[in-house]
Amino acid sequence: MKATARLRGPVTPARFVRIAVGSVAALALVVTSGAFVRLTGSGLGCDNWPRCGDTPFPAKDFHAMVEFGNRVVAVVGILAALVTWLASRRVDGLPRWVRRAALAAFLGTIAQIPLGGLTVILDLHPLAVMSHFLLALVVVALAVVVAGEAWGHARGRGAPVAPRWLRLVALVGVVGCALMVVTGAVATASGPHPGADDAVDRLGIEIRDTVYVHVRATAVFGIGFLLVGWQLIRVRREAPGVLRLAAVLLAVLVVQMLVGEIQYRNALPWGLVLAHVTLGATIWGLTVALAHALWRPPLPLVAHARERAGLREPAHSR
């Protein structure tokens, strides 16, 4: 009876934070798992989609096991997004648009099922693979926003950070980050990792040309980020936590640039490409989180250490 009441009863804001953060982690793992499938040439490891060969389970073959493992990870992501949406409906005072964002994230994971099947049917056409990857990043972005809102709902929300023009620049930065990710996906689709050992169609664009565009898109994003970071230093007393979040993003960016340079100069070994893709997804999530924090910062991000120590009672969003 207690278990039934717990499942049907209201969800506390603090518990919803844990659920939402867990969903972000699960969905980020889906991105990495999908990249692993592509980079190990396992994209067609399970034929006869949605089965894996003649049965729902894989044979004792490396590529089949990798592809089937990705399907299991994807199911975990779907369930995490579903639980987050259902939980959001039982959190008192949570804004309706947040529940809709959670629903959109769940529907995005569901849309990956037919899109993944279509990708296999089309023999890993690069446009289908790119669509599969980019939809996963859209879902991650929605999950990050829901997690940020959950945190603010549980701990209270501060006033928007910095001048309005800077917050608008941060939103443009999200678009710039998306452009950086898309050009990176195009570069991968033009590189030596088609996703399977069989002959797979490529985009027909030279890898040098795609990398040229990707590097310049990265430079534009980097310059914009430095502008936002410089302004955050100026308002660091107002938002110390937001500045720390920006510092984490800067650190990941630096590591990403080093990995990108090393992988390109070493003929794109798949292990480094996997690290590059994972870091790229991390940068995307952190960029969305930073932009969200500038507009709707959870109170712990804009409170000093002494004030954070006094934040004991949950506070709902304003």
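**Close-up views of a predicted model**

At 38% relative accessibility, Trp270 is partly exposed in this predicted model.

**View A. Phe36 and Trp270 form an edge-to-face aromatic pair.** One of two aromatic pairs counted, it has a centre-to-centre distance of 5.6 Å and an angle of 65 degrees between the planes. The contact joins distant parts of the chain, with Phe36 in helix H2 and Trp270 in helix H9, 234 residues apart. Phe36 is partly exposed, at 29% relative accessible area.

**View B. Trp85 and Phe106 form a stacked aromatic pair.** The ring centres are 6.1 Å apart and the planes differ by 5 degrees. Trp85 belongs to helix H3 (residues 62-88) and Phe106 to helix H4 (residues 96-121), with their positions 21 residues apart in the chain. Trp85 has a relative accessible area of 19% and is buried because the limit is under 20%. Phe106 is likewise buried, at 13%.

**View C. Two arginine side chains place their charged ends over aromatic rings.** The charged end of Arg167 is 4.5 Å from the ring centre of Trp295. For Arg216 over Tyr212, the corresponding distance is 3.5 Å.

**View D. The second largest pocket holds about 530 Å³ of space.** Its lining comprises 22 residues, and those closest to the centre are Val24, Val144, Gly285, Leu286 and Ala289. Helices H2 (13-39), H5 (126-155), H8 (240-265) and H9 (270-295) each give two or more residues; H9 gives the most, with eight. The lining has 15 nonpolar and seven polar residues, and no charged ones.

**View E. Val220 lies in helix H7 (residues 207-234).** Val220 is exposed, at 60% relative accessibility. Its C-alpha atom is 7.4 Å from that of Gly176, 44 residues away along the chain.

Note on methods:
Residues are numbered from 1 along each chain as its sequence is written. This is a predicted model: local features need pLDDT of at least 70, side-chain atom pairs count only at pLDDT 80 or more; totals for chains, interfaces and linings use all residues. Side-chain values use heavy atoms; hydrogens and water are left out. On a 1 Å grid over the protein atoms alone, a cavity is a set of points where a 1.4 Å probe fits but cannot get out, and a pocket is an open set with protein on both sides within 12 Å along at least five of seven lines; lining residues have an atom within 4 Å of a point. Grid points are joined across faces, edges and corners, and a volume is the space filled by probe spheres set on the points. Helices (H or I, at least four residues) and strands (E, at least two) are DSSP runs, numbered from the N terminus. Ala, Val, Leu, Ile, Met, Phe, Trp, Tyr, Cys and Pro count as nonpolar, Asp, Glu, Lys and Arg as charged, and the others, Gly among them, as polar. Buried means under 20% relative accessible area, exposed over 50%, partly exposed in between (1.4 Å probe, protein chains only). Rings of Phe, Tyr and Trp (its six-membered ring) pair if their centres lie within 6.5 Å; planes under 30 degrees apart count as stacked, over 60 as edge-to-face and the rest as tilted. A charge sits over a ring if NZ of Lys or CZ of Arg is within 6 Å of the ring centre and within 35 degrees of the ring normal.
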